[in-house]
Amino acid sequence: MRKSKKLVAILLCAAFILGMAAPVYASGTGEESSVKEENVYVTLASDGSVKGIYVVNSFSGGTITDYGEYDSVKILNTTDPISQDGDTITFSSSADKIYYQGELSDAEIPWDISIRYYMDGSEYPADEIAGKSGELEIRFTVSENTSCSGSFYEDYALQVSFSLDTELCSNITAADATAANVGSEKQLSYIILPGTGIETTICADVTDFEMDAVSISGIRMNLDIDIDDEELMDQITELTDAIEQIDDGTGELEDGAGELQSGGRAVSSGAQALSLGSDSLDSGVQALNSGIAEIQAGIDALNGQSDTLTGGSAQMLSALEQLQAALGGVSASASEVQAIVDASSSVQEAIDDLAEGAAELKANISYETYKAVMAQNGLDIDSLLSGNAEAIEAINSALAQVEQYSAALSTLGISSGTVDQYVSLANQILILLNGNTAAVQGMESYLENAGEGVTALAAGAQSLQENYAQFDAAIDSLADTLTGLLCQMAELKEAVNTLVEEYAKLDDGLEAYAEGVAQVAAGYSRISGGASELAGGSSELAEGGDSLYSGTLDLLDGLTQLYAATGDLSDGTGELREETSGMDSELEEKIDEILDSLSGGDGEPVSFVSDKNTNVASVQFAMQTESIEVEEVEMEEETEAELTMWQKLLRLFDLY
């Protein structure tokens, strides 16, 4: 577009130069000597209004008849007489070139010209704005004067020149002008094509404002321009094809964005499930941690009773040994028999205490008891294991979805570092969940194994209790029949000796049991510590799950915006495709229209003065406004001699 404007400016400048230097003669009727050229000179006021018009007509020598509604006429370069009869002007001259001038008072020029002046936003007449300072604005308008007959507006181009003194004017801006520096002057030139006008503005900061006259030249445009637009039209076709491809591509992009949005919803749903599961898991783990702490306290209490249990067993063994000693020195006296009965009763009471303690230990050392205690503290072990399995499955599913949409996350500005952080946190959570499950299963295995030993111990204690009850009953019976049983004393001593020997083994077992309980207490303290760590990890899991869910909501929001944006883009490219459809034919018509405006009319030049003048070679317009000057004190001037035609022409352009 810039190159086109530059080409048009060059062509127009060339046209103005050639038009003024060497006009092309048009064919006409009459003698060759009657071929004429018209130069229309228009004096404009500073606001662009017409003050005066005169026409200089030039002919080759001979007898001349010309037409025009002139107020007055005179020959400029010879002393030959000239005659005016109505609109008919006749004269004869032997000069090679003869010029005559005619004054017009009621003629209309083809253009309405307006120049308005503003200083600091207020409008001033030209004679009042001279000498003012501030922010200057000049509004220049050219439009068609419909009161002027003929086709001059459609056929003629104008060249307009403003000249601003850079010593008085600064920060000059003129958007539509071609600016050039001529000495200390800033010359602003405008080219107005045939059939077009202009509405433009010149702005500057001024001090003591003055401005030279505005010059406007008009010539008939008749440029024979032939532009090969085939390459341009090929490029336009390529452009429209590319727009169609872009429109198709944006449709595919919109579909892809929709799929990405659906995937984002799935990721967000999985993250929400993970967040809810991690919150539930955290609640369960916190309850588990509290339950384990209570179990730890119970085991510690049980371990604290081990000394009492082993002490009681030692007393039992001592009583049996006393019974054994008593039997060793038994006599047939009633007091000795009663001592045996009393000792047996003591042994029975000790065995009953032992059986009761073993039964209580059996009731407390089992996996079902462990689950019941945890349930009393708000934690269902079976639900915990099931929740762990579901959470592990949900996390693995979420990790798979994150891996699936990792490329999309990167496209949306979510860095791989952030994704890796979430993946690392999820893997740590998996380790905690698997460790939690393993801890519960390990506790189940340990309690089942310990329970078997305690069950055997309780069974042995119960069997001992039952057997000794019979033995004690027999002792009581022996008290009544001691005399008859003295012969069986040896067998009783042997039985007591056996009992002492077997109970010694039981006492050793109780010592081993106490040591086992101590080991359980020590081992469970490690489980308690792990549960505390698990509780901390589950809290981090819950926070990470919430953060991940929040991030996926942001992701989903971004994907939704992306989908909406791609929809707008698709609508825009569709509209662009529709708007550019047929652009090649419209552009071709526009090129033809521009060429028509550059070429001007294709007919013969016509006279501005009278349509009776048919043999016209050229018509040119030279217009100039008054300059804007600060009034000076009038000095008495010497009478000026009559100027010649050339001196007048030079003075018109400030050259004389």
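Cys203 is partly exposed in this predicted model, because its relative accessibility of 29% lies between the limits of 20% and 50% that separate buried from exposed residues. Cys169, by contrast, has a relative accessible area of 3% and is therefore buried, the cut-off being under 20%. The structure holds 0 disulfides.

Cys169 also leads to the strands, since residues 169–174 form strand S10. This strand belongs to an open sheet of 5 strands, paired antiparallel in the order S7-S6-S8-S13-S10. S10 and strand S7 (122–124) are the edge strands, each pairing on one side only. On average, and with direction ignored, neighbouring strands of the sheet are turned by 25 degrees against each other. Within the sheet, strand S6, covering residues 111–119, runs antiparallel to strand S8, covering residues 134–144, and 9 bridges join the two. One point of reference in this pairing is Asp112, which stands opposite Ser143 in S8.

A further set of strands can be followed through strand S14, made up of residues 215–220. S14 is mostly covered, with 5 of its 6 residues buried. Strand S9 (residues 156–165) runs antiparallel to S14 and is joined to it by 6 bridges; here Val160 stands opposite Ile216. S14 is also joined by 4 bridges to strand S15 (residues 616–625), again in an antiparallel arrangement. In that pairing, Gly218 of S14 faces Phe621 of S15.

The helices bring the reader to the largest nonpolar core, which contains 60 residues. In soluble globular proteins, nonpolar side chains tend to be buried together. Within this core, Tyr370, Ile395 and Tyr503 touch the most other members. At least two core residues come from each of the following helices: H4 (230–304), H5 (306–328), H6 (334–364), H7 (367–376), H8 (381–404), H10 (416–480) and H12 (489–580). Ile395 illustrates how these contacts are made: leaving aside residues up to four places away in sequence, Ile395 touches Leu274, Ala426, Ile429, Leu430 and Leu433. Apart from the largest core lies another, of 57 residues, including Val73, Ile98, Ile109 and Ala174.

Helix H7 deserves a separate description. Its buried residues are Tyr367, Tyr370, Lys371 and Met374. Viewed down the axis of H7, these buried residues fall within an arc of 95 degrees, so they line one face of the helix. Tyr370, on this buried side, is also one of the core residues that touch the most other members. The face of H7 turned away from the buried side carries Glu368 and Gln376, which are exposed. Just after H7, Gly378 adopts a positive phi of about 90 degrees.

These elements can finally be placed within the whole protein chain, which has 14 helices and 15 strands. Of its 656 residues, 39% are buried. Among contacts between residues at least 6 apart in sequence, 79% join residues at least 24 apart. The pairing of S14 (residues 215–220) with S15 (residues 616–625) and the contact between Ile395 and Leu274 offer specific places at which to examine the model.

Methods
Residues numbered from 1 in each chain as written. Predicted model: local features only at pLDDT ≥ 70, side-chain atom pairs only at ≥ 80, totals over all residues. Heavy atoms only, no water. Pairing = 2+ DSSP bridges. Axes fitted to C-alpha atoms, helices over the stretch in contact; angles between N-to-C directions. Core = buried A, V, L, I, M, F, W, Y, C linked by side-chain atoms within 4.5 Å. Buried < 20%, exposed > 50% of the residue type's maximum accessible area, 1.4 Å probe, protein only. Contact = heavy atoms within 4.5 Å. Disulfide = S-S within 2.5 Å. Arc of directions from axis to C-beta.
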